[in-house]
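Work through the exercises below with the sequence and the 3D view open. Try each task before reading its solution.

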Amino acid sequence: MEQPAGCARNLDMLKLRIKKLTGLYLFWTVLYLPPAVLHYRDMGLTFRAAAGMYLRWLFLVDEHCNSWMLWYLLSSIYGLCMIFLILKFTGSERLVWACGLVCMALSLWFDALIDGGVIPPGIPGQVYRLVDATILNGRLLRGFFYLPFGMLLAKRLPRPAAAAALLAAGLAGAWALRAVPMAGGLCFVAADLGLFALTAQLPLRDRPFFRALRTASSVVYFTHMYLWMFWYTVTGRGLTYGMPAFLWTTGLSLLAAALYLALRAAWGRRSARLKAA
């Protein structure tokens, strides 16, 4: 999924991207509705309670049963809306980046509060209750950071050596500070930015297989949870995690992507022949 690097001064393009992501989010949310319905049935919820939970998770938590990957779409939609509003009313990219930093700091703090499992006293306790009753954790705020800083990286890419150093330092720091949630999370953010800066400089965009790779990654992204469900249902393992689940799901997802690309290519050739006839 591309970061909106060329959209800083183009509100129309931002609106188009918001509409596209919203359509994708709603489309795949509907496709993943059956697992959610079965999950609510197993929980013994009434229709009213299930509908209320579904709507809350649809707009605030950004995932449902076995559709966890959709969080990035909703986070990106809200992030793009923030960028659009700030640019529309202020035209300030610096304000966009400042808001992104604040959102990431809040995201890490919310995660640390919720993961602690204990309601602290005072204002942090009130924040804990508010987050737990609404967005559940800090993940929804991630897009508010990664999208504007993706714009910044696209304009001012560091040298590959500097990006690699940032990636390595971030991973090392995350491992060393893994017992300190906010510090470890901040190191992971640094590692993310280093990885983005490295991959953005790979000479892939002009290669003929670049579009196929992007399409394949989208197929894997949107289908892998259904393929994981298929695998653990067919094998009778029940809800299963770990390396076997990862390997089988990865293999099935790549196979599905290859099959989709082959079918799309065959359809394209068939359409070309019909037009030429």
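## Exercise 1: Backbone angles in two loops

Leu136 sits in the loop that joins helix H6 (122-133) to helix H7 (142-155). The model is a predicted one.

**Task.** Find the sign of phi at Leu136 and at Asn66, and decide for each residue whether it is buried, partly exposed or exposed.

**Solution.**
Step 1. Start with the general expectation: most residues other than glycine have a negative phi.
Step 2. Leu136 is not a glycine, yet its phi is positive, near 75 degrees.
Step 3. Asn66, in the loop between H3 and H4, is another residue that is not a glycine and has a positive phi, about 60 degrees.
Step 4. For exposure, apply the cut-offs: buried is under 20% relative accessible area, and exposed is over 50%. Leu136 has 23% relative accessibility, so it counts as partly exposed. Asn66 has 4%, so it counts as buried.

## Exercise 2: The chain as a whole

**Task.** State which elements the chain contains and what its overall dimensions are.

**Solution.**
Step 1. Count the elements: the chain has 11 helices and zero strands.
Step 2. Take the extent of the C-alpha trace along its principal axes, which is about 75 × 50 × 40 Å.
Step 3. Add the burial: of the 277 residues in the chain, 36% are buried.
Step 4. Look at the contacts between residues at least 6 apart in sequence. Of these, 71% join residues at least 24 apart.

## Exercise 3: Helix H10

**Task.** Check the span of H10 against its number of residues, then find where H10 has a kink.

**Solution.**
Step 1. H10 covers residues 210-234, which is 25 residues.
Step 2. At 1.5 Å a residue, H10 should span 36 Å.
Step 3. The end C-alpha atoms of H10 are 34 Å apart, which agrees with the expected span.
Step 4. H10 has a kink of about 50 degrees, centred on Thr223.
Step 5. Now consider the surroundings. The buried residues of H10 include Phe210, Val219, Phe222, Trp228 and Trp231. The partners against which the buried residues of H10 pack are helix H1 (11-31), helix H2 (33-43), helix H4 (71-89) and helix H11 (243-276).
Step 6. After H10 comes Gly236, with a positive phi near 70 degrees.

## Exercise 4: Helix H7

**Task.** Why can H7 be called largely enclosed by the rest of the structure?

**Solution.**
Step 1. Check the span as before: the 14 residues of H7 should span 20 Å at 1.5 Å a residue, and the end C-alpha atoms are 20 Å apart, which agrees.
Step 2. Count the burial: 12 of the 14 residues of H7 are buried, so H7 is largely enclosed by the rest of the structure. Among them are Arg142, Phe144, Tyr146, Pro148 and Leu152.
Step 3. Name the partners: the buried residues of H7 pack against H4, helix H5 (93-116) and H9.
Step 4. Look at one contact across H7 and H4. Ser76 is found in helix H4 and touches Leu21 and Leu147; Leu147 is one of the buried residues of H7. Ser76 has a relative accessible area of 1%, so it is buried.

## Exercise 5: The second largest pocket

**Task.** Which element gives the most residues to the lining of the second largest pocket, and what classes make up that lining?

**Solution.**
Step 1. The second largest pocket holds about 190 Å³ of space.
Step 2. Its lining includes Leu33, Tyr40, Arg41, Phe47 and Tyr54.
Step 3. H2 and helix H3 (47-61) are the elements that give two or more residues to this lining.
Step 4. H2 gives the most, with five residues.
Step 5. By class, the lining has nine nonpolar, one polar and one charged residues.

## Exercise 6: Sequence and space

**Task.** How far apart are the C-alpha atoms of Phe59 and Thr134, and those of Asp192 and Ser217?

**Solution.**
Step 1. Phe59 and Thr134 are 75 residues apart along the chain, and their C-alpha atoms are separated by 9.6 Å.
Step 2. Asp192 and Ser217 are 25 residues apart in sequence and 18 Å apart in space, C-alpha to C-alpha.
Step 3. Place two of these residues: Phe59 lies in helix H3, and Asp192 in helix H9 (residues 181-199).
Step 4. Phe59, at 46% relative accessibility, counts as partly exposed. Asp192, at 24%, is partly exposed.

How values were computed:
Residues numbered from 1 in each chain as written. Predicted model: local features only at pLDDT ≥ 70, side-chain atom pairs only at ≥ 80, totals over all residues. Heavy atoms only, no water. Helix = DSSP H or I, 4+ residues; strand = E, 2+ residues; numbered from the N terminus. Expected span 1.5 Å × (residues − 1). Bend = angle between axes of the 7 residues up to and from the residue. Buried < 20%, exposed > 50% of the residue type's maximum accessible area, 1.4 Å probe, protein only. Contact = heavy atoms within 4.5 Å. 1 Å grid on protein atoms, 1.4 Å probe; cavity = no way out; pocket = protein on both sides within 12 Å on 5 of 7 lines; lining within 4 Å. Points joined across faces, edges and corners; volume = space filled by probe spheres on them. Nonpolar A, V, L, I, M, F, W, Y, C, P; charged D, E, K, R; others polar. Lists of a residue's contacts leave out its neighbours within four places in sequence.
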